[in-house]
Amino acid sequence: MAKITAAKLLKMKQQGEKFSALTAYDASFAEAFDKQGIEVLLIGDSMGMVLQGHEDTLPVTVADICYHTRCVRRGAKDALVIADMPFMSYATTEQAMTEAAKLMRAGASMVKLEGGSWLLETVTALTERGIPVCAHLGLTPQSVHVFGGFKIQGRNQQAADKMVNDAIALEQAGAQLLVIECIPAELAKRITEALSIPVIGIGAGKDTDGQILVMHDVLGISTGYIPKFSKNYLSITGDIHKAIKLYKDEVAAGTFPSDEHTFN
């Protein structure tokens with residue numbers, strides 16, 4: 001696999017080619033995913049739940065993300081490596097620049113921030129200073145207590161319209177990628193078509209440019225709640241490498257996610 005960049009993902013979108021992404025937290029899994037051609041690896045603050053055993057992502061720190069980013073970078077030779085900016089690490093633009101710089105020095109190629117129009121100034125400031133940004137809309141887990149739980153977003157017309165407008169504004173501010181999580185498939189399709197930058201979906205239907213899942217869900221080792229949008233590929237293949245390849249192949253073919261993994 002050739003080195004994956006934001007420009008390469010943009011070209012894939014323009015050519016109608018689907019790409020796949022997974023969370024990764026260490027060198028061994030990063031190398032395994034990289035060798036199977038997974039285009040994007042995310043050091044997600046999901047580690048708060050799947051690695052650290054918390055009920056949500058809020059306890060994760062920038063130091064945690066930096067440590068795991070360094071690990072993933074050592075294993076990933078070609079994949080684009082994105083690092084989550086954890087809860088309250090970008091409350092102000094100045095703080096965002098300081099904390100994002102730490103993640104870039106740790107080996108990230110891009111940072112990911114959750115939020116809509118309130119982030120526009122921050123996104124512009126980061127990109128102007130050489131820090132690429134992946135935005136994140138829909139179910140943004142750092143706002144779980146505002147939402148009152150992990151709930152589907154964008155179900156009514158007003159909320160859907162706002163999400164589309166926020167997505168367009170984030171692109172105009174300089175975001176190079178967008179993740180949309182747990183929204184109706186019709187809204188995800190609308191957002192994907194409205195943007196020129198690639199859109200990555202999780203629980204957002206099959207019409208996004210790429211798909212991302214938490215690696216623990218793909219391998220069927222998540223404890224507790226298993227999301228509707230996830231799929232246990234290891235149970236199908238019986239082999240980790242084959243499981244990752246099947247996930248990538250199904251995303252590329254547009255057969256994952258299917259209706260059973262989609263919110264309407």
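F33 is buried, at a relative accessible area of 0%; buried here means under 20% relative accessible area, exposed over 50%, and partly exposed in between, with a 1.4 Å probe and protein chains only. This is a predicted model, in which local features need pLDDT of at least 70 and side-chain atom pairs count only at pLDDT 80 or more, while totals for chains, interfaces and linings use all residues. Residues are numbered from 1 along each chain as its sequence is written, and side-chain values use heavy atoms, with hydrogens and water left out.

Back to F33. Its neighbour on the helix, F29, is partly exposed, at 24%. The two sit four residues apart in helix α2, residues 27–35, so about one helical turn separates F29 from F33. Helices (H or I, at least four residues) and strands (E, at least two) are DSSP runs, numbered from the N terminus.

Now the rings. Rings of Phe, Tyr and Trp, the last by its six-membered ring, pair if their centres lie within 6.5 Å; planes under 30 degrees apart count as stacked, over 60 as edge-to-face, and the rest as tilted. That rule gives five aromatic pairs. One of them is F29 with F33, which is tilted, at 5.8 Å between centres and 40° between planes.

Which class does the pair of Y247 and F256 fall into? Their planes stand at 70°, with the centres 6.1 Å apart, so this pair is edge-to-face. Y247 is buried at 0% relative accessibility, and F256 is buried at 3%. Y233 joins Y247 and F256 in one aromatic cluster.

Next, charges. A salt bridge is a side-chain nitrogen of Lys or Arg within 4 Å of a carboxyl oxygen of Asp or Glu. The whole structure has 11 of them, and I will show three.

E39 bridges to K248, with the closest N and O atoms 2.7 Å apart. E39 is in the loop between α2 and β2 (40–43) and K248 in helix α12, residues 240–253, so the pair links distant parts of the chain, 209 residues apart. Both E39 and K248 are buried.

D84 and K112 also meet at 2.7 Å, N to O. D84 belongs to strand β3, residues 80–84, and K112 to strand β4, residues 110–114, with their positions 28 residues apart in the chain. D84 is buried at 3%, as is K112 at 4%.

Last, K162 and D166, at 2.8 Å, N to O. Both lie in helix α8, residues 157–173, four residues or about one turn apart. K162 is partly exposed at 47%, whereas D166 is buried at 10%.
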